[in-house]
Amino acid sequence: MAIVILHPGKERPVVQRHPWVFSGAIARIQGRFPDRGEVVDVQAASGEWLARGCWSDGSQIRVRLFTWNPDEPIDDALIRRRIERAIDGRRRLGMLTDDGACRLVYAESDGIPGLIVDYYAGFLVVQLLTQAMALRRATITRVLAETLVPRGIYERSESDVREKEGLPPASGVLWGETPPDCVHVRLPGDLWHAVDLCTGQKTGAYLDQAFNRWRVAVHCTSAEMLDCFCYAGGFTIAATRVGARHAIAVDTSESALRMLRAGLALNAIATPVETVAADVFQMLRRYRDEQRRFDVVVLDPPKFAHTQAQVERATRGYKDINLLAMHLLRPGGILATFSCSGLVSSDLFQKIVFGAALDARREAQIIERLTQSPDHPVLLTFPEGEYLKGLICRVW
Ligand code: SAH
């Protein structure tokens with residue numbers, strides 16, 4: 001097995017069990033140069049054994065670590081143990097139910113860097129994001145099929161992480177049945193959602209917001225709400241279920257709005273809901289000019305910052321929409337505002353919303369802070385696993 005030897009002084013994060021070794025930390029490779037995804041040992045410059053992981057020649061993250069125990073091989077049995085442990089965690093959360101949906105395996109945070117597995121009412125959607133995981137596709141499929149006996153396992157390896165790894169996108173059935181165009185799942189709060197597993201965004205749904213929709217809905221009884229970046233309408237469905245008076249849901253994706261309408265029908269919702277296919281930035285400006293007013297505005301934009309270099313631009317984007325949204329709120333109204341850019345810290349995000357309130361000349365109180373749902377756990381040694389933050393603010 002090849003040995004990756006670090007530069008002097010670069011062992012600290014590895015000793016502290018951070019699972020990534022960057023190319024800049026590596027002094028040299030001892031032994032045969034590893035193939036893509038192959039197992040390697042990592043040593044300090046002193047020669048001390050530190051950890052074991054899988055090699056990647058694509059991204060700047062050259063090694064993703066799986067174990068800090070020299071006696072533990074990275075083999076099929078390790079993959080099986082880790083997957084079983086991850087699934088057990090979701091079961092204990094009560095989130096693995098026949099008709100439910102949740103994230104079963106959350107990559108680094110579950111000790112399996114590069115592997116995402118989401119569960120949707122008997123179907124599994126898998127993302128193999130690294131060279132190591134792509135190489136172990138057959139093992140992962142077998143373990144998942146044996147452990148859960150799902151109706152089908154479908155691959156959706158299409159993320160930007162995969163591109164950085166130098167892997168082409170891959171999708172298709174890995175095992176069992178092809179998921180139907182529209183799978184019905186029951187989410188927390190007994191909300192039914194229509195999900196398109198094969199062509200929807202991410203693995204079909206934004207499971208990380210499952211509990212937050214409910215936290216926002218608390219404020220929506222009799223409200224006129226505006227759901228910006230609504231996708232399949234998670235926030236709209238929750239709000240109308242608790243008796244919102246009227247909702248406008250905005251997204252650029254027509255297919256997302258179709259799923260939203262299917263979701264409203266599934267929940268037998270009679271509240272009038274307007275679905276608008278438009279750019280939120282433009283639409284918020286139009287509503288501001290028309291002096292439209294709402295009781296609740298939700299802002300759940302896509303990731304604005306993919307790299308450190310994009311953080312400044314992302315900051316301006318968040319400020320812009322938050323400022324516009326504050327103009328649209330009636331006094332005492334609720335702004336539920338989110339950022340899923342991991343590179344924008346919760347501190348920075350709060351500062352952005354503060355700046356928006358100042359410029360809008362509105363007083364705002366934080367009522368609640370939100371984060372990703374508990375099936376997206378954050379490993380203490382890998383804080384990068386935390387990315388979603390939200391503020392529910394009352395705006396006077
Ligand atoms: N709130 C959703 C998840 C939103 S994900 C939920 O609870 O499930 C972000 C959404 O923003 C995506 O559906 C994407 O299509 C949409 N989007 C991206 N840029 C947009 C823009 N400029 N205007 C409107 N929608 C946009």
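Buried here means a relative accessible area under 20%, exposed means over 50%, and partly exposed lies in between (1.4 Å probe, protein chains only). The model is predicted, so that local features need pLDDT of at least 70 and side-chain atom pairs count only at pLDDT 80 or more, while totals for chains, interfaces and linings use all residues. Residues are numbered from 1 along each chain as its sequence is written, and side-chain values use heavy atoms, with hydrogens and water left out.

**View A. Asp-99 in the loop between helix 2 and strand 7 (101-106).** Helices (H or I, at least four residues) and strands (E, at least two) are DSSP runs numbered from the N terminus. Asp-99 has a relative accessible area of 23% and is therefore partly exposed. Apart from neighbours within four places in sequence, Asp-99 is in contact (heavy atoms within 4.5 Å) with Ala-121, His-184, Val-185, Arg-186 and Trp-192. Ile-116, which is 17 residues from Asp-99 along the chain, has its C-alpha atom 20 Å from that of Asp-99.

**View B. Asp-88 in helix 2 (residues 76-92).** With a relative accessibility of 30%, Asp-88 counts as partly exposed. The C-alpha atoms of Asp-88 and Leu-104 are 8.8 Å apart in space, and these two residues are separated by 16 residues in sequence.

**View C. Trp-55 in strand 5 (residues 49-55).** Trp-55 counts as buried because its relative accessibility is 5%. Leu-65, 10 residues from Trp-55 in sequence, has its C-alpha atom 9.0 Å from that of Trp-55.

**View D. Thr-130 in the loop between strand 9 (123-128) and helix 3 (131-135).** A relative accessibility of 3% places Thr-130 among the buried residues. When neighbours within four places in sequence are left aside, the residues in contact with Thr-130 are Arg-64, Pro-113, Gly-114, Glu-165 and Leu-167.

**View E. Two non-glycine residues with positive phi, Ser-222 and Phe-229.** Most residues other than glycine have a negative phi, and most peptide bonds are trans. Ser-222, whose phi is near 60°, lies in the loop between helix 6 (210-217) and strand 14, and its relative accessible area of 46% makes Ser-222 partly exposed. Phe-229, with a positive phi of about 60°, is found in the loop between strand 14 and helix 7 (234-241); at a relative accessible area of 14%, Phe-229 is buried.

**View F. Thr-236 in helix 7.** Thr-236 has a relative accessible area of 0% and is therefore buried. Setting aside neighbours within four places in sequence, Thr-236 is in contact with Met-225, Asp-227, Ala-247, Ala-249 and Val-273. The C-alpha atom of Thr-236 lies 9.2 Å from that of Val-298, although 62 residues separate the two in sequence.

**View G. Helix 10 (residues 311-328) and its cover.** The 18 residues of helix 10 should span 26 Å at 1.5 Å a residue, and the end C-alpha atoms are 26 Å apart, which agrees with that expectation; the expected span is 1.5 Å times one less than the number of residues. The buried residues of helix 10 are Val-311, Ala-314, Gly-317, Tyr-318, Ile-321, Asn-322, Leu-323, Leu-324, Ala-325, Met-326 and Leu-328. The elements that cover these buried residues include strand 14 (224-228), helix 9 (280-289), strand 17 (294-299), strand 18 (329-339), helix 11 (346-360) and strand 20 (389-395).

**View H. The ligand and the residues that surround it.** The ligand is surrounded by 15 residues, of which the closest are Arg-213, Asp-251, Asp-279, Val-280 and Asp-300; a residue belongs to this group if one of its heavy atoms lies within 4 Å of the ligand. By class, this shell holds 8 nonpolar, 3 polar and 4 charged residues, where Ala, Val, Leu, Ile, Met, Phe, Trp, Tyr, Cys and Pro count as nonpolar, Asp, Glu, Lys and Arg as charged, and the others, Gly among them, as polar.

**View I. Polar contacts of the ligand with Arg-213, Thr-252 and Asp-279.** With the ligand, a polar contact is a pair of N or O atoms within 3.5 Å. A polar side-chain atom of Arg-213 lies 2.9 Å from an oxygen atom of the ligand. Two nitrogen contacts complete the view: a backbone N or O atom of Thr-252 is 3.2 Å from a ligand nitrogen atom, and a polar side-chain atom of Asp-279 is 2.6 Å from a nitrogen atom of the ligand. Taken alone, the ligand exposes 580 Å², and the protein buries 89% of that area, as computed by the Shrake-Rupley method with a 1.4 Å probe.

Notes
Polar contact = N/O pair within 3.5 Å; in protein donor to acceptor, adjacent residues only side chain to side chain.
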